Structures are given as structure tokens and as C-alpha cells.
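Here is a short tour for anyone meeting this structure for the first time. Keep the picture open as you read.

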Amino acid sequence: MTGATGGLGRAIATALAGRGTKLTLSGRKPDALDALAAELPGEGHTTIVADLAEPGAAEKLAADAGAVDVLIANAGLPGAGLLTDFTPEQLTRALRVNLEAPMLMARALYPAMLERGSGHLVFVSSLSGKVASPRTSIYNATKFGLRGFAFGLRTDLGPQGVGVSVVSPGFVRDAGMFAEAGAKPPPGMGTTTPERVGAGTVKAIEQDKLEVVVAPLQLRAMSHFALATPSISVRAQSGAAGQKAAKAVADGHAPEKR
């Protein structure tokens, strides 16, 4: 599991460990990884330190992890801000962590799953992979891309016994990129919890769901409407409320997090 020590990562790890899963946890902070492994239910959890923004890190992580039954690709960078706010290096980092690394890890891990005739790949995306919003063109690109990649990969692997799922949270309170920015959702949107994201990830695996959206009903409905009517959605998101919320998220993330 990548991105294990973030707020959503911890919630997903806790939910999986509670189902008896033995986890290999990955992230950039060794002390936080070791502490999480010790806190989780069950025994035998291991850790691997990796910075997926570095070239070659995804392939090395997959090799170090060895044979796994399930990949949880959860690591991500905010990618919040105007395109011109990003240096070319920051743009590359966001694309590598959010999109390239999950693709490379899946490429490295699924052949062994095919040989066994079982396994599961879970990609933690976002409703930003279904609905575009201001100041998130880079983040939107990575999450739209991740969702499309997972859907296409499922058509290849599903008939051979390997599951592929996308977990798409909406606005999450108390943890995750939105909460870390200290921003508030637009009026009427509602929020969800890290624990529900963890439960949604378990559901995706156990029920072999193509996509699990973790958000209040009104937000789920709006995301479906946005997919069906993108021109209306873009106009609505471009309004004052959408611009204000997006600016708060972008301002809440320091440039070094890009």
C-alpha cells in the first residue's frame, strides 16, 4: 500500500488490517511507517520506505514488495494551483506520483496475479477524476487519467480473474488533501470521513467493484450529472463559489508540497 502514513492511508490500512490483512506499508517517513505498523491490528505488517516522486522508485518498490495479493495505490500529491504556479519539475513530480507510479506498479505486479488467477489492484482516485474544477487542472488530469487507466485495465484483467477497482472520495473532513488545506467545501456539497474511505476500499476489494464513490448522495449525483453534461458543469465550477473554494485549497498547500 502506497501513501500509508497520510490520513486516508491510515484509515485504509486500519480498515484492511481489521479484516485480517497482513500489510506492506510504504511511504516517505520511516518513523511514521514503523509507528503505523505497530498500531495496526494483527501481526506481520512490514514497511518499505519509498519516495514515488523519484525516478525508478515505483519499480523498485514493486520489486521490494515481492508477490502481493492486492495493490492499494493511494499515494498522491495535491497538484493544486494554476498551471503557471508549477515549475516543470513540480509538474513532473505530480504526474509521476499521481499517475505514472500507479501504472508502473500495476505493470510490475499484475503478471504474478495472472499466474495465480487471483489478485486485486485498487487505485485511490477522487471525484476530481470525474468533475473538473478551477486551479486543479494538473490534479484533474492525473485523476481523470488514473480513472481511465483503471477502467481500461479492468477490461484486460477482469476476464482473467484479477480485479481492478477505483475508489473516488469526495470532500473528506479530518484527513486528506482537502482537509490539510484547511478549506471548506462549497455550500451544500457535504463531506465524508476517512473511515468511510477505508470501508469503501474494503468494499471495492471484497465485492470486486469497478468504482466505489465515497461521498454524500448530493455530491455523487452532481458528479454523475457533470459527466453527462460537462459544458454545464464547467460553467458552474467556473462561478464565484467554485473559484473561492478552489483558491482556498490551492492557497492551503505550500509550494513545496507540489
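## The chain at a glance

About how much area does the chain expose, and what share of it do carbon and sulfur atoms supply? The exposed area comes to about 12,000 Å², and carbon and sulfur atoms supply 56% of it. Keep in mind that this is a predicted model.

The chain has 258 residues, and 46% of them count as buried. Along the way you'll meet ten helices and six strands. Take the contacts between residues at least 6 apart in sequence: 67% of those join residues at least 24 apart.

## A four-stranded sheet

Start with the sheet. Four strands make it up, in the order β3-β4-β5-β6; the sheet is open, and the pairing is parallel. At the edges sit β3 and β6 (211-214), each of which pairs on one side only. From one strand to the next, the twist averages 15 degrees.

Now look at β4 and β5, which run parallel and are joined by five bridges. Leu121 has Val164 in β5 as its bridge partner, while Phe123 stands opposite Val166 in β5.

## Inside β5

How many of the seven residues of β5 are buried? Seven of the seven are, so the strand is largely enclosed by the rest of the structure.

Its residues point two ways: Gly163, Ser165, Val167 and Pro169 go one way, and Val164, Val166 and Ser168 go the other. Whichever way they point, all of these residues are buried.

## Two nonpolar cores

The largest nonpolar core has 29 residues. Leu52, Met105, Leu121, Phe123, Leu153 and Val164 are the ones with the most contacts inside this core. Elements giving two or more residues to it are α3 (57-65), β3, α4, β4 (120-124), α5 (137-157) and β5 (163-169). Which element gives the most? That's α4, with seven residues.

Leu153 makes a handy place to zoom in. Setting aside neighbours within four places in sequence, Leu153 is in contact with Ala106, Tyr110, Leu121, Phe123 and Val164. There is also a second, separate core of 23 residues, and it includes Leu16, Ile72, Val124 and Val172.

## Asn74, tucked into a loop

Head next to the loop between β3 (70-73) and α4 (88-116), where you'll find Asn74. Is Asn74 buried or exposed? Its relative accessible area is 12%, under the 20% cut-off, so Asn74 counts as buried.

What does the side chain of Asn74 reach? It reaches the backbone oxygen of Gly3, at 2.9 Å. Gly3 also turns up in the list of residues in contact with Asn74, once neighbours within four places in sequence are left aside. The others in that list are Met1, Thr2, Leu8, Gly9, Ile12 and Val124.

## Gly170 and Pro55: far along the chain

Gly170 is in the loop between β5 and α6 (176-180). Gly170 has a relative accessible area of 19%; buried means under 20%, so this glycine makes the cut. Gly170 and Ala215 are 45 residues apart in sequence, yet their C-alpha atoms are 5.0 Å apart in space. Ala215 is among the contacts of Gly170 beyond its neighbours within four places in sequence, along with Leu127, Val214 and Leu219.

Pro55 belongs to another loop, the one between β2 (46-49) and α3. With a relative accessible area of 62%, Pro55 is exposed, because the cut-off for that is over 50%. The C-alpha atoms of Pro55 and Val97 are separated by 10.0 Å, and these two residues are 42 apart along the chain.

## Two residues with positive phi

Which way does the backbone angle phi go at Arg135? Phi is positive, about 60 degrees, although Arg135 is not a glycine. Arg135 lies in the loop between β4 and α5, and is partly exposed, with a relative accessible area of 24%.

Asp208 is another residue other than glycine with a positive phi, this time near 50 degrees. You'll find Asp208 in the loop between α7 (194-206) and β6. Asp208 is partly exposed too, with a relative accessible area of 37%.

Conventions
Residues are numbered from 1 along each chain as its sequence is written. This is a predicted model: local features need pLDDT of at least 70, side-chain atom pairs count only at pLDDT 80 or more; totals for chains, interfaces and linings use all residues. Side-chain values use heavy atoms; hydrogens and water are left out. Buried means under 20% relative accessible area, exposed over 50%, partly exposed in between (1.4 Å probe, protein chains only). A polar contact is a pair of N or O atoms within 3.5 Å; within protein, one must be able to donate a hydrogen and the other to accept it, and residues adjacent in sequence count only if both atoms are side-chain atoms. Contact means heavy atoms within 4.5 Å. A nonpolar core is a set of buried Ala, Val, Leu, Ile, Met, Phe, Trp, Tyr and Cys residues joined through side-chain atoms within 4.5 Å. Accessible areas come from the Shrake-Rupley method with a 1.4 Å probe; for residues, only the protein chains shown count as cover. Two strands pair if DSSP finds at least two bridges between them. Axes are lines fitted to C-alpha atoms, for helices over the stretch in contact, and angles run from 0 to 180 degrees between N-to-C directions.
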